[in-house]
Every structure is written in C-alpha cells, then in structure tokens.
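Before looking at the empty spaces enclosed by this protein, consider how far its coordinates can be trusted. The paragraphs below begin with confidence and then turn to the open and closed spaces.

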Amino acid sequence: LEYWHYMLVALAAFLLAKKVFKNNLLSSMAAIISLLTFESLMAYTTLFLIPQTLVALLTVLALIKIEEYKLRWLVFFVLVIFLMHYIVGAISALILIGVYLSKRLNLSTKILNLGIIGSILVILASIGMNFVGRWEILAREEAKYFNFSLMEKAGFFLDWYGLISFSLILLGCLKIVKNGTSDQKIILATAIIILAISLLPFSYFLKFYVIGHYLLNMVIVAGVGVLLLNLPRFLKVIGVLFITSVFVVIFYTNQLAFKKPLFFRNFNTSVSPNEIEAGKWLSSYDNGANALLISDPALQYILEAASGVNSAGGAYMSPENRRLLSDLGSFNQSSLIKDNLLMIKDRLQDNKDREVLFVVGGRYFSWQSLSRREKDSIFYNIWSPKIINEQNRSYIDFLKESPEFKPIYENDELIIFSVGPKNGNFSQRPN
C-alpha cells in the first residue's frame, strides 16, 4: 500500500501542476521532484501511508477540481478529512474552504497580490516568534523533543530540498508575483502560510508541512520553468537531467541519513531475526502467561509484541521503573540486582506470584550507557538492534554464576534469565 501511496503522491503533484501551469514539462518535473523529496521528520509526506499523509493527499486531489464542486460536496469532503485527522484535517479544511471561496469570488490580481504580501507578513511574524521563545502545547513529556529551533528547522529543509531548491523557490516566487495566473498566486500565498505555520515555535507544528510538500513543490516548479521553458529542446533535456540528478543525490543522502540509526548487520531494521526468535520462544514458554518481562523499554516493547508475555510498560516504562532499572548498572552484587528487579511493578497487573524474566542484550547495555536524563525520557529508547560485546559478556557471565539468576534462553544478541524468588534463590529450590 505504501508503494501505491508513493506513486499517488507523485500523480497528485503532476495533476496539480497540470492544472496550475498547463504545461507537460513542468507537470512532469513536479512529479519527479515530489518523488525525490522526503520530509524525513514529522511530515513524512511521500514514503509513509499514515492518516496525516492520506489527508494531505486527498486534500490536494480535491484542490484540482475544487471550482466544480457544489457546496454540499465541499462540506461533506471537509467533514471526512477532518474526521480522518483532527489536526492536519482542520488545516486542510481551511485550505479547501479558502481556495473554494477565492475561486468563487473571482478575486482580482490586485487582491491576490495583497494576499501574497499578507502571507509574507505572516511568515515574517512566524520567524520572529522563534526569537521570543518556544512553547509546548501538549502536556506530554515527549512534546519538548518535537519543538525545534528555527535553525534546526532550516537544517531539516536543507536536508530535504538541498540548496538548489532555495534558488528555485526564489525564482518561482518572483515569476508568480510578476505575471502568474490566479491559480498560481493562490498556491503561492497558501504555500507561504503553511510554511509559516510549520515554522511556528510550538511542539509538533512541523507536522503541518505534510500539506506544504505539494504546495511548495509548485513554487519550485515555477522556478524550474523560469530556467527551462525558453531554452532550445536540447538544452531543456540537459536542464531536466541536471535538476533531476541533483534531486536524486539529495534524496539518496536524505534517506541514507534517515535509515542510518537502524543499520544492523547489513540491513536497515528495527528488529533483528534473533529478537524475533526470542519472542517465538517466549510465546511457547510454559510459564509465559504468569511471567513479567523486564528489560530496556525498546526490547520490552518488541518482545512483548512478538511473544504476548507481559512486560513492565513496554516502550512507555514508567519513570519509577526506569530509575530502578537504571540503578542496576551501579550494583556489583547479584542480590541487589535481584531485589531491584523485583521492585519493578506492572501498572496493569499484580506482580504477586509472577515469575520475573530479566532480558539482557545489546539494546539493554546501550540503554544503560545513556545519560540519566536520557534514560528517564521515553524519547531516547534504543530502536535498533545491538550486538553483545566482550565487556557485556563479562556482566552476563557474572549473572550466570550467581544463584539469583537462571539462564533459560540465549542467542547471539540476548539472554533471558529467570529471576530468583523474593525470599531465596535458585540454589534453594529444585530446577
């Protein structure tokens, strides 16, 4: 489905450009640039089929024929996209209503130019607010990690579009302001407003750029038209190949950086085959239904999903449990490690008479190497598989030799220990 979504995004860009520019070359360039532009943070317009990207796609498809809609169909469509995603859907609804009204009112060039000037003032105000402060609009711990500075956002756009796009955007803006059609002026003003909203210093607001992908693409294509449309056919072909090659390099570099944190043993993955095998083994473990799985939050999340064995909060481990788990790294007595593990509680089920399974692997050791602030945060989980190095092996051997821990499963990346009872150890009870 995501491959179909990827192609539909390009098709939507092509059709929108066909409507706006009425030129096959520029429409084709719009599709190519759309295919080779990946907003690798928050927006994810092209490569992820999620509610916000689907809403953006449907909004753009609706824009193509919006002047032909009767009011009742516009209201119906606005309600549908709003229900699909309350946040992005609300902005999309406002775009559709605004464009619909501007088309019905048949606004003059003077008013449209004033609209562009107004949108420029909006983006200047948005940029200025970044120098005043930053605000979290949701009372969630992760919100502060999705509230980026202006320079960070500029860096993201540079990664997504490269320097060439900034030049093309400037050329496109000048071309549209000077002698653009009404459709082009509406697109430009809307693109600037969406960009202004995305740059606001509020957590998660960069998400709104999922719609901006299509609109800014039109401005870039207008800039491409300035460079290519008046050239001889041979030079047009050279220009198209050059611009496409530049965007291919930008896309390749961008996707490589996006996947790099997930690179593991020649694959880009967030789950390894050994972790899946461990999950399968846990699913068949005799006492799995009466066990509590404890490890670093990411590995808990993966193994609980793969096995059905309950964990201490999965990826959303409570701050109290995170601190108890973090403290294990400072203990050199197995009895203290066991006592701390038995203090970790599951909020959903009673721990009484439940077997505690302690999973130690490369992820766990990587998590323990984080700073205390990072370990307290749900944002800094270890989302890529990790190997067990020799230093880790010495800790595992220490646990194997202690009477409080009994190894019950092991592979190259992790080992599962059954933790001794609260009042005793394995040397005091039969295996």
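Over residues 427-431 pLDDT (the predictor's confidence in each residue, from 0 to 100) stays under 50, and the model has four contacts (heavy atoms within 4.5 Å) beyond four places in sequence for them. Where pLDDT is low, predicted coordinates should not be read in detail. Across the chain the mean pLDDT is 88, with 93% of residues at 70 or more. This is a predicted model, in which local features need pLDDT of at least 70 and side-chain atom pairs count only at pLDDT 80 or more, while totals for chains, interfaces and linings use all residues. Residues are numbered from 1 along each chain as its sequence is written, and side-chain values use heavy atoms, with hydrogens and water left out.

On a 1 Å grid over the protein atoms alone, a pocket is an open set of points with protein on both sides within 12 Å along at least five of seven lines, a cavity is a set where a 1.4 Å probe fits but cannot get out, and lining residues have an atom within 4 Å of a point. The largest pocket has a volume (the space filled by probe spheres set on the points, which are joined across faces, edges and corners) of about 1,800 Å³. Of its 45 lining residues, Leu41, Tyr44, Phe146, Phe379 and Trp383 are the closest to its centre.

The count of cavities of 30 Å³ or more comes to two. The largest cavity, with a volume of about 80 Å³, has Lys19, Lys103 and Asp183 among its lining residues. The second largest cavity holds about 30 Å³ of space, and its lining includes Glu275, Arg363, Lys386 and Glu413.
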